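Please work through the exercises below with the sequence and the three-dimensional structure at hand. Attempt each task before reading its solution.

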Amino acid sequence: MHLFNLDDEHKDKAYQILASLVAPRPIAWTTTIGDEGTVNAAPFSFFNLFGTRPPVVVIAPGDKEPGIPKDTARNIRENGEFVIHLLDEPLMEAMNATSATKGYGDSELEGLGLTMAACDHLRVPRIEEAPVALECREHSTLRIGKNRLVVGQVHRVWARNDLFDPESLRFRQENYAPIARMGSPDWYARTSDLIALGRPD
Ligand SMILES: Cc1cc2nc3c(=O)[nH]c(=O)nc-3n(C[C@H](O)[C@H](O)[C@H](O)COP(=O)(O)O)c2cc1C
């Protein structure tokens with residue numbers, strides 16, 4: 001086995017090592033709104049669902065510089081609103097394009113041909129083409145070094161019509177194949193090859 005010491009000689013390699021090994025990760029394609037009304041979008045794979053009573057998610061935008069938040073974290077700090085979208089393969093290129101570093105107030109969504117739709121509970125718009133959108137409000141933010149763990153409560157869930165049976169609300173797994181983040185720097189996984197495994201009694 002290879003041993004990495006993240007306290008010492010491999011301290012600067014923690015991202016390459018851990019972001020490659022702790023995978024696959026879901027991708028939170030996140031929209032927020034700035035004080036002048038600009039809609040910001042960016043993907044975050046340091047993301048997951050952490051509970052449902054109440055429904056809680058975390059995204060972790062790392063600071064640009066110590067104490068200087070990325071635009072997503074800055075907007076959430078200012079107005080507390082964000083929308084997390086889950087995405088499938090046709091949206092990968094657009095998602096990736098929104099990871100470009102732009103000046104505060106310049107929208108990453110320009111020229112991508114995406115449709116902004118109104119949310120039910122928030123001022124921030126959602127991306128209509130995404131199969132899933134979670135309307136979230138900031139619960140709290142934990143700062144650890146350059147990491148900002150934004151804890152959000154999910155208030156509304158938008159799901160594409162084919163994802164749930166309209167009457168029984170049974171989830172149709174066969175229609176859902178979100179893309180997942182794999183090893184650094186550029187790997188992704190499809191989730192279309194599934195296995196079912198029942199729980200023991
Ligand atoms: C698939 C993917 C996942 C990413 N995950 C993260 C992440 O978890 N945390 C982070 O700080 N940056 C992450 N990034 C980089 C951000 O998306 C990028 O820094 C972006 O410009 C931030 O935008 P903002 O300043 O508008 O918030 C990721 C990029 C990609 C393509």
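The exercises that follow treat the sheets, one loop residue, the ligand shell and some backbone features.

This is a predicted model, in which local features need pLDDT of at least 70, side-chain atom pairs count only at pLDDT 80 or more, and totals for chains, interfaces and linings use all residues. Residues are numbered from 1 along each chain as its sequence is written.

**Exercise 1. The seven-stranded sheet**

Task: Determine in which order the seven strands form an open sheet, and state which strands stand at the edges.

Solution.

Step 1. Strands, like helices, are DSSP runs numbered from the N terminus; a helix (H or I) has at least four residues and a strand (E) at least two. Two strands pair if DSSP finds at least two bridges between them.

Step 2. The order is S3-S2-S6-S9-S10-S5-S4, and the pairing is antiparallel. S3 and S4 stand at the edges; each has a single partner strand, so one side of each lacks a neighbour in the sheet. Neighbouring strands of this sheet are turned against each other by 35 degrees on average, direction ignored.

Step 3. Helix H2 packs on this sheet and touches S2, S3, S6, S9 and S10, its direction making about 50 degrees with that of S2. Such angles run from 0 to 180 degrees between N-to-C directions, with axes fitted as lines to C-alpha atoms, for helices over the stretch in contact. Contact between two residues requires C-beta atoms, placed from the backbone, within 7 Å.

**Exercise 2. Strand S6 and its partners**

Task: Describe how S6 pairs with S2 and with S9, and explain why S6 is largely enclosed by the rest of the structure.

Solution.

Step 1. As a general rule, strands of a sheet pair through backbone hydrogen bonds, either parallel or antiparallel.

Step 2. Strand S2 (residues 28-33) pairs with S6 in the antiparallel sense over three bridges. Thr31 has Val83 in S6 as its bridge partner.

Step 3. With strand S9 (residues 132-144), S6 pairs in the antiparallel sense over six bridges. Glu81 has Arg137 in S9 as its bridge partner, and Leu86 stands opposite Val132 in S9.

Step 4. A residue is buried if 20 or more other C-beta atoms lie within 10 Å of its own, exposed if 12 or fewer, and partly exposed in between, with C-beta atoms placed from the backbone. Five of the six residues of S6 are buried, so S6 is largely enclosed by the rest of the structure.

**Exercise 3. Asp88**

Task: Locate Asp88 and decide whether Asp88 is buried, exposed or partly exposed.

Solution.

Step 1. Asp88 lies in the loop between strand S6 (81-86) and helix H3 (92-97).

Step 2. Asp88 counts as partly exposed because it has 19 C-beta neighbours inside 10 Å.

Step 3. Leaving aside residues up to four places away in sequence, Asp88 touches Pro131, Ala177, Pro178 and Ile179. Its C-alpha atom is separated by 9.5 Å from that of Val132, 44 residues apart along the chain.

**Exercise 4. The ligand shell**

Task: State how many residues surround the ligand and which element gives the most to the shell.

Solution.

Step 1. A residue is near a molecule or strand if its C-beta atom, placed from the backbone, lies within 6 Å of it. The ligand is surrounded by 17 residues, of which the closest are Ala42, Phe46, Lys70, Asp71 and Thr72.

Step 2. Strand S3 (39-44) and helix H2 (71-79) each supply at least two residues of the shell. S3 gives the most, with four residues.

Step 3. The shell divides into seven nonpolar, seven polar and three charged residues.  Ala, Val, Leu, Ile, Met, Phe, Trp, Tyr, Cys and Pro count as nonpolar, Asp, Glu, Lys and Arg as charged, and the others, Gly among them, as polar.

**Exercise 5. Backbone features**

Task: Identify where cis peptide bonds join Ala23 and Arg53 to a proline, and state where Leu169 lies.

Solution.

Step 1. Ala23 and Pro24 are joined by a cis peptide bond with omega about 0 degrees. Pro24 is in the loop between helix H1 (14-21) and strand S1 (25-26).

Step 2. Arg53 and Pro54 are joined by a cis peptide bond with omega about 5 degrees. Pro54 is in the loop between strand S4 (47-52) and strand S5 (55-59).

Step 3. Leu169 lies in the loop between strand S10 (147-159) and strand S11 (180-181). Its phi is near 65 degrees, a positive value in a residue other than glycine.
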